[in-house]
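Q: I'd like to practise reading features off a model. Could you take me through one?

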Amino acid sequence: MQYIGMPRSWEDFYYKGFEKIIRKFKYPITQEVVEESVQMLKEFNPRIHYRELEYSAEYIFTKILEPWHMDIPVQCCIQTFWSGLQLKAEIYPETIHVLQELKEKGYTIATLTDLPSAMPDDIFRRDISELLDYIDYYVSSSVAGYRKPNCKGLQMISEKFSIPITKLIFVGDEEKDRRTAMNANCKFIWVRRTEKNKESIDNLYQLWKVLE
């Protein structure tokens, strides 16, 4: 899946989220304070400042909203912030069909995903809700406590199904996915829909060429 129109790093969109909080709660705040919170949120963005340790959305928003001196529950602010970004999730056209075929062939399917920084799990799960019926085990960076390329999530999947981690097949579309598989010493299949090479596949339909 992808969020339509969103770049790898979302820092330019943070202002929209904070503006939505200000409008919804009619909260008087200076532009300087908003700018301070934007910069603090950037500090938590792993694409700007590398980190593998994951922080919960509640922890991050509690920190970045401290300059606002608000008495509004942090959960309300989190939900409002993300609604302000107006994210639109798109499931790739072949995804569900391939997941159905994998299930019919008896594959065990788990997912390992890094959440966008400061996004709660429930928002991301809502955006992929039509896929969850095909997933035997959902692991996010929030669940694992670590972000890729740390392979803690793959270790959890390995333990969940009593399968050696080296026997897992990790399908991903980023360099950090490849590095995660390397850290786990398991097989990696790289999906590259635009920048193709001999070691990658163009879409999920081509999984069968690799798996069979």
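Q: Let's start with one residue: in which loop does Tyr146 lie?
A: This is a predicted model, so keep that in mind as we go. Tyr146 sits in the loop between α7 (141-144) and α8 (152-160).

Q: And is Tyr146 buried, exposed or partly exposed?
A: Buried means under 20% relative accessible area and exposed means over 50%, with partly exposed in between. Tyr146 has a relative accessible area of 34%, so it is partly exposed.

Q: Which residues form a nonpolar patch on the surface with Tyr146?
A: Look for Leu53, Tyr55 and Tyr59: along with Tyr146 they make up the patch. Together these four have about 350 Å² of accessible area.

Q: Now the sheet. What is the order of the strands in the open sheet?
A: Reading a sheet means following which strand pairs with which. Here the order is β5-β6-β7, an open sheet of 3 strands with parallel pairing. β5 and β7 are the edge strands, as each pairs on one side only.

Q: How many bridges join β5 to β6?
A: There are 4 bridges between β5 (residues 169-172) and β6, and the two strands run parallel. For a landmark, find Ile169, which stands opposite Lys187 in β6.

Q: Where are the bridge partners in β7 for Trp190 and Val191?
A: Trp190 has Ser200 as its bridge partner in β7, while Val191 stands opposite Ile201. β6 and β7 (residues 200-201) pair over 2 bridges, again in the parallel sense.

Q: How many residues of β6 are buried?
A: In general, side chains in a regular strand alternate between the two faces of the sheet. As for cover, β6 (residues 187-191) has 4 of its 5 residues buried, so the strand is mostly covered.

Q: Which helix makes a β-α-β unit with β5 and β6?
A: To read a unit like this, trace the chain from one strand, over the helix, to the next strand. Here the helix is α9 (residues 175-184), and the β-α-β unit with β5 and β6 is right-handed.

Q: Lys176 is found in α9. Is Lys176 buried or exposed?
A: Check the number against the cut-off: buried means under 20%. Lys176 is at 15% relative accessibility, so it counts as buried.

Q: What does the side chain of Lys176 make a polar contact with?
A: Its partner is the side chain of Asp114, at 2.7 Å.

Technical notes
Residues numbered from 1 in each chain as written. Predicted model: local features only at pLDDT ≥ 70, side-chain atom pairs only at ≥ 80, totals over all residues. Heavy atoms only, no water. Buried < 20%, exposed > 50% of the residue type's maximum accessible area, 1.4 Å probe, protein only. Pairing = 2+ DSSP bridges. Right-handed = clockwise from strand over helix to strand, strands pointing away. Patch = residues over 30% accessible without salt bridge, like charges linked within 9 Å, V, L, I, M, F, W, Y side chains within 5 Å. Areas by Shrake-Rupley, 256 points an atom, 1.4 Å probe, with all protein chains shown as cover. Salt bridge = Lys/Arg side-chain N within 4 Å of Asp/Glu carboxyl O. Polar contact = N/O pair within 3.5 Å; in protein donor to acceptor, adjacent residues only side chain to side chain.
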